[in-house]
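Visitor: Please take me through this structure, and give the reason for each term as you use it.

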Amino acid sequence: MAVKIRLRRIGYKKHPYYRVIVADSRAPRDGGCIAEIGTYDPNKQPSEININSEEAKKWLGNGAQPTETVAKLFKVAGIEK
């Protein structure tokens with residue numbers, strides 16, 4: 001089973017709000033997840049990023065692969081592998 005750290009879109013039409021989740025790579029975008037480790041709000045200026053760094057590092061250490069967008073968010077939040 002390949003585990004990914006990715007975004008789940010919530011919010012309403014034209015006002016996206018995302019949760020950073022850990023999920024099986026085969027699961028649908030808004031389907032079930034293993035864990036929620038943070039949020040991302042692109043509507044605010046500047047964008048608001050809240051990620052539990054301990055949880056993120058734990059999952060990265062266990063082999064979870066972040067998507068490109070989540071990797072950029074981790075870099076902004078100061079989270080490294």
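Guide: Two strands are said to pair if DSSP finds at least two bridges between them. The model discussed here is predicted.

Visitor: What makes strand 3 and strand 4 a pair?

Guide: DSSP finds 4 bridges joining strand 3 to strand 4. The cut-off is at least two, so the two strands count as paired. They run antiparallel. Tyr40 has Ile49, in strand 4, as its bridge partner.

Visitor: How do you know that strand 2 pairs with strand 1 and with strand 3?

Guide: By the count of bridges again. Strand 1 and strand 2 are antiparallel and joined by 10 bridges, while strand 2 and strand 3, also antiparallel, have 5 bridges. Both counts satisfy the requirement of at least two, so both are pairs. In the first pair, Tyr12 stands opposite His15 of strand 2. In the second, Val22 has Ala35 of strand 3 as its bridge partner. The hairpin of strand 1 and strand 2 has 2 residues between the strands, and Lys14 in this hairpin takes a positive phi near 65 degrees.

Visitor: Which strands stand at the edges of the sheet, and what makes them edges?

Guide: The sheet is open, has 5 strands in the order 4-3-2-1-5, and its pairing is mixed. Strand 4 and strand 5 each have a single partner strand, so one side of each has no neighbour in the sheet, and these two are the edges.

Visitor: Why is strand 2 called mostly covered?

Guide: A residue is buried when its relative accessible area is under 20%. In strand 2, 7 of its 10 residues are buried, so the strand is described as mostly covered.

Visitor: Why is the contact of Glu36 and Arg8 called a salt bridge?

Guide: The limit from a side-chain nitrogen of Lys or Arg to a carboxyl oxygen of Asp or Glu is 4 Å. For Glu36 and Arg8 the N to O value is 3.6 Å, which is within the limit, so the pair qualifies. Glu36 belongs to strand 3 (residues 35-41) and Arg8 to strand 1 (residues 3-12), so the bridge ties together parts 28 residues apart in sequence.

Visitor: Are Arg8 and Glu36 buried or exposed, or in between?

Guide: Arg8 has a relative accessibility of 12%, under the 20% cut-off, so Arg8 is buried. Glu36 has 43%, which falls between 20% and 50%, so Glu36 is partly exposed.

Visitor: What makes the contact of Arg19 and Glu36 a salt bridge?

Guide: The N to O value is 3.7 Å, and the limit is 4 Å, so this pair also counts. Arg19 is in strand 2 (residues 15-24) and Glu36 is in strand 3, 17 residues apart. At 30% relative accessible area, Arg19 is partly exposed.

Visitor: How do you know that Asp30 and Arg29 form a salt bridge?

Guide: Their closest N and O atoms are 2.9 Å apart, within the 4 Å limit, so the definition is met. Asp30, at 42% relative accessibility, is partly exposed, and so is Arg29, at 48%. Elsewhere, salt bridges with shared partners join Arg8, Arg19 and Glu36 into one network. The count by this rule is 5 salt bridges.

Visitor: How do you know that the buried residues of helix 1 share a side?

Guide: In helix 1 (residues 53-61), the buried residues are Ala56, Trp59 and Leu60. They cover an arc of only 100 degrees around the axis, which puts them on the same side. Glu54 and Gly61 are exposed on the other side of helix 1. The buried residues pack against strand 1, strand 2, strand 3, strand 4 (48-51), strand 5 (65-66) and helix 2 (68-77).

Visitor: What is found at the start of helix 1 and just after it?

Guide: At the start, a side-chain oxygen of Asn52 comes to within 3.2 Å of the backbone nitrogen of Glu54. The cut-off for a polar contact is 3.5 Å, so this pair lies within it. Just after helix 1, Gly63 has a positive phi of about 100 degrees.

Visitor: Which residues have the most contacts inside the largest nonpolar core?

Guide: They are Ile5, Ile37 and Phe74, in a core of 18 residues. Strand 1, strand 2, strand 3, helix 1 and helix 2 each give two or more residues to this core. Leaving out residues up to four places away in sequence, Ile37 touches, among others, Ile5, Val20, Val22, Ala56, Trp59 and Phe74.

Note on methods: Residues numbered from 1 in each chain as written. Predicted model: local features only at pLDDT ≥ 70, side-chain atom pairs only at ≥ 80, totals over all residues. Heavy atoms only, no water. Buried < 20%, exposed > 50% of the residue type's maximum accessible area, 1.4 Å probe, protein only. Arc of directions from axis to C-beta. Contact = heavy atoms within 4.5 Å. Polar contact = N/O pair within 3.5 Å; in protein donor to acceptor, adjacent residues only side chain to side chain. Core = buried A, V, L, I, M, F, W, Y, C linked by side-chain atoms within 4.5 Å.
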